[in-house]
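Open the model in your viewer and keep the selection tool at hand. The stops below say what to select next and what is there.

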Amino acid sequence: MKLESRNNQIAQEVIEIVEKYNFQREKLLQILEELNDSYGYLSEFVMKEVAKNLQLTTTEVYSVATFYSFLNTRPKGKYIIRLCKTISCVLAGKNAVANALRNELGIDFGETTSDGKFSLEFTNCIGMCNQGPAMLINNDVYYHLDPEKAVEIVEKYQ
Ligand code: FES
């Protein structure tokens, strides 16, 4: 598909989602979440279209998109690993798990493997504080992690 017609299609899809929320600016987060789910990330084009339709500036949309760790402004891997970096998980051994994940995947946090399969990220508390260290792989929750267990879990997604 040519870029222009692909962009027209995306622009139309953005309008449909914004319309569903009655063009309400206060629904910006929900709108971005839906678009993030559809495309896997929020491209500059998508953010511009959202801004246009809600009569916001692109900067306003971009600030929301970059504030929430569940919204991506760059393409991500098929599986997004989010390791909790909040205090209870830190005390329970998050750093050792983080190093094991780095070594296993050969990337650092904030990066995506060259085959596009895994992205490694930190997240704030995911509500498993008394069972840390905890991580998400897409929507699956894993807890009571140690370095070996974390690597075994990731291997299942390989
Ligand atoms: S501190 Fe890690 S899940 Fe709450």
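Start this tour of a predicted model by selecting residues 44-54, which form helix α3, and residues 58-67, which form helix α4. The axes of these two helices come within 8 Å and cross at roughly 120°. At that angle α3 and α4 are oblique to each other, and α3 passes α4 in a right-handed crossing.

Show the side chains where the two helices touch. From α3, pick M47, K48, V50 and A51; from α4, pick T58, E60, V61, Y62 and A65. Coloured by class, this contact of α3 with α4 shows 6 nonpolar, 1 polar and 2 charged residues.

Keep α4 selected and add helix α2, residues 28-39. Here the axes of α2 and α4 come within 11 Å, crossing at roughly 70°. That makes α2 roughly perpendicular to α4. The crossing of α2 past α4 is right-handed. To see the contact, select L28, L29 and L32 in α2 together with V61, V64 and A65 in α4. Which classes of residue make up the contact of α2 with α4? The contact has 6 nonpolar residues, with no polar and no charged ones.

Next, hide α4 and bring in helix α1, residues 3-20, beside α2. These two pack at an angle of about 140°, and their axes are 10 Å apart. α1 and α2 are therefore oblique to each other, and α1 passes α2 in a right-handed crossing. The residues to select are V14, I17 and V18 on α1, and I31, E34 and L35 on α2. By class, the contact of α1 with α2 divides into 5 nonpolar residues, no polar residue and 1 charged residue.

Now leave the helix pairs and turn to the nonpolar cores. Which residues have the most contacts inside the largest nonpolar core? Select I81, L83, L101, A134 and M135 to find them; this core has 19 residues. The elements that give two or more residues to this core are β1 (79-84), α6 (94-105), β2 (118-123) and α7 (147-156).

Centre the view on A134. Setting aside neighbours within four places in sequence, A134 is in contact with C84, C89, I126, M128, V141, Y142, Y143 and L145. A second, separate core has 13 residues, including L32, L42, V46 and V61. Two of those names have come up already: L32 in the contact of α2 with α4, and V61 in the contacts α4 makes with α2 and with α3.

Move on to E148, in helix α7. Is E148 buried or exposed? E148 has 10 other C-beta atoms within 10 Å, and is therefore exposed. Add A96 and draw a distance between the two C-alpha atoms: E148 and A96 are separated by 9.8 Å, although they are 52 residues apart along the chain.

Finally, zoom out to the whole protein chain and colour by secondary structure. The chain has 7 helices and 4 strands. Traced from the N terminus, the elements run α-α-α-α-β-α-α-β-β-β-α. The C-alpha atoms fill a box of roughly 45 × 35 × 20 Å along the principal axes. Of the 158 residues in the chain, 25% are buried. Among contacts with a separation of 6 or more, 60% join residues 24 or more positions apart.

Notes. Residues numbered from 1 in each chain as written. Predicted model: local features only at pLDDT ≥ 70, side-chain atom pairs only at ≥ 80, totals over all residues. Axes fitted to C-alpha atoms, helices over the stretch in contact; angles between N-to-C directions. Parallel < 35°, antiparallel > 145°, perpendicular 65-115°, else oblique. Left-handed = near helix turned anticlockwise from the far one by under 90°. Contact = placed C-beta atoms within 7 Å. Nonpolar A, V, L, I, M, F, W, Y, C, P; charged D, E, K, R; others polar. Core = buried A, V, L, I, M, F, W, Y, C linked by C-beta atoms within 7 Å. Buried ≥ 20, exposed ≤ 12 C-beta atoms within 10 Å, placed from the backbone.
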